[in-house]
Amino acid sequence: MPEVYSKALGSSLKVNRVLGHLKGKEPGPTVIFFGGIHGNEPAGIFALDEVLQQLQSKNIAIKGEFFAIAGNLPALQKSIRFHQEDLNRIWKPERIAQLGDKSSLESDDAKEMQQLMKLLNQLFKKTRPPYYFIDLHTTSGETDPFIVVNDSLLNRKFVSNYPLPTILGIEEYLTGAMLSYINELGYVSFGYESGQHDHTMAIKKSVDFIKYTLALTGVVSVDETSLAALKNKVADSCKEPHTFYEIYYQHKIGPQDCFDMLPGFVNFQKVPKDKPIAVNGQGVIKTTKPRQLFMPLYQKKGSEGFYFIREIPRFFLWLSKWLRKIHADHVLTLLPGLKWVDKEKSALMVNRNVARFMAKPVFHLLGYRTRFFDKDHLIIRSRERNSKEKEYIDEKWY
């Protein structure tokens, strides 16, 4: 049984793949938390263990089912982000199709994906919707808690219940994430970042977040006053405004870049023009305009140095909701250079010459994110196509 060490607590915990599973006598949703998808982020593991112990010791009744799942067990045991490849970057269709192919030599991390995939398939067979998938993470740099979510109306509606900053659009820059795969299946799924890797507050904030989520989804029954108190704890954990942001730039790190983030930068920091923020083999990286910084990298492993984000005005959130509800994307194929990829209308193929004259925000408003490029075309996909919204309409938060 792998042993996970928390530098923040100075203690270890022996874990199985399923950290815990509670099933109520009454029907309800299935809420599934993941911790430790990155092995150097044990805070989620210890937070889930604490919540499970509290629920069991107090004999708190639940409705539906609550699963706590450990991610990259070998990496967790060694307190490293991953071994050969990032477990949270390999959930791609071509890699998933190869799982179980004995002729292919899989990395230790891909074997973990295979085991997690097997477990997910078992859960779908043995449990019932509505499903909620939440991935608990921490960051290498200092940060207030925030939520990262793929841009679907269903996801947006649910995460709006959290008084935290919410980041949309990361799926356009970060491919192969586990929750992106799950979101393609149409279920509510999102990531929660609680703080810096080895800070005790990252564990405490995760505990409060898990408790609020269990109450919000109805797995744990609480009155309105208690629910508000749990929500206030989540709100108090973060000084940043409760608003939606979008990512519009990612600094990708090449294999030979020798990237180093300059010290002192924190998440959501507003940086003036011409400010040095990092260095690599080509020299100093400066801002060319005033920017708002997101997820500066302060660890050795990782291929994303930093992001730039901007706040999304409420009007555009409303407009995108309205346009998606009336299926305004259907008129896109009337334009030259755009056509459906297949009969199911699962994605649009866009001629890159045409795309130059259609700004990304237009596609974003309609729910599309770029997922694939070739020489002449790009493929854009909508999260709304697979959304299982009908499975959630009877939930109290809906």
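This passage walks through a predicted model of a single protein chain, starting with the whole fold and then zooming in on a few spots.

Taken as a whole, the chain folds into 11 helices and 20 strands. Its radius of gyration comes out at 21 Å, close to the 21 Å that the globule rule gives for 398 residues, so the chain is as compact as a globular protein of that length. Put a box around the C-alpha trace along its principal axes, and the spans are about 60 × 50 × 50 Å. Of the 398 residues, 55% count as buried. The contacts tell a story about sequence distance too: among those with a separation of 6 or more, 71% are between residues 24 or more positions apart.

Then there is the outside. About 19100 Å² of the protein chain is exposed, and carbon and sulfur atoms supply 53% of that area. As for charge, the chain carries 55 positive and 44 negative side chains, with the centres of the two sets lying 2 Å apart.

One piece of the fold to pick out is an open sheet of 3 strands. Its strands come in the order β11-β13-β14, and the pairing is antiparallel. At the edges sit β11 (260-261) and β14 (283-286), each of which pairs on one side only. In general, the strands of a sheet pair through backbone hydrogen bonds, either parallel or antiparallel. Strand β13, covering residues 276-280, is joined to β14 by 4 bridges, and these two strands run antiparallel. Within this part of the sheet, Pro 276 stands opposite Lys 286 in β14.

Now for a helix. Ser 180 belongs to helix α6, which covers residues 178-184. The relative accessible area of Ser 180 is 9%, and because anything under 20% counts as buried, Ser 180 is a buried residue. Which residues does Ser 180 touch, leaving aside its neighbours within four places in sequence? Its contacts are Asn 150, Glu 171 and Arg 383.

A last stop is Lys 339, found in strand β17 (residues 338-340). Setting aside neighbours within four places in sequence, Lys 339 is in contact with Thr 333, Ala 347, Leu 348 and Met 349. There is also Asn 351 to place: 12 residues separate Lys 339 and Asn 351 in sequence, and in space they are 9.0 Å apart, C-alpha to C-alpha.

Methods. Residues numbered from 1 in each chain as written. Predicted model: local features only at pLDDT ≥ 70, side-chain atom pairs only at ≥ 80, totals over all residues. Heavy atoms only, no water. Buried < 20%, exposed > 50% of the residue type's maximum accessible area, 1.4 Å probe, protein only. Contact = heavy atoms within 4.5 Å. Rg over C-alpha atoms; globule rule 2.2 N^0.38 Å. Areas by Shrake-Rupley, 256 points an atom, 1.4 Å probe, with all protein chains shown as cover. Lys, Arg positive; Asp, Glu negative; His and termini not counted. Charge placed at Lys NZ, Arg CZ, Asp CG, Glu CD. Pairing = 2+ DSSP bridges.
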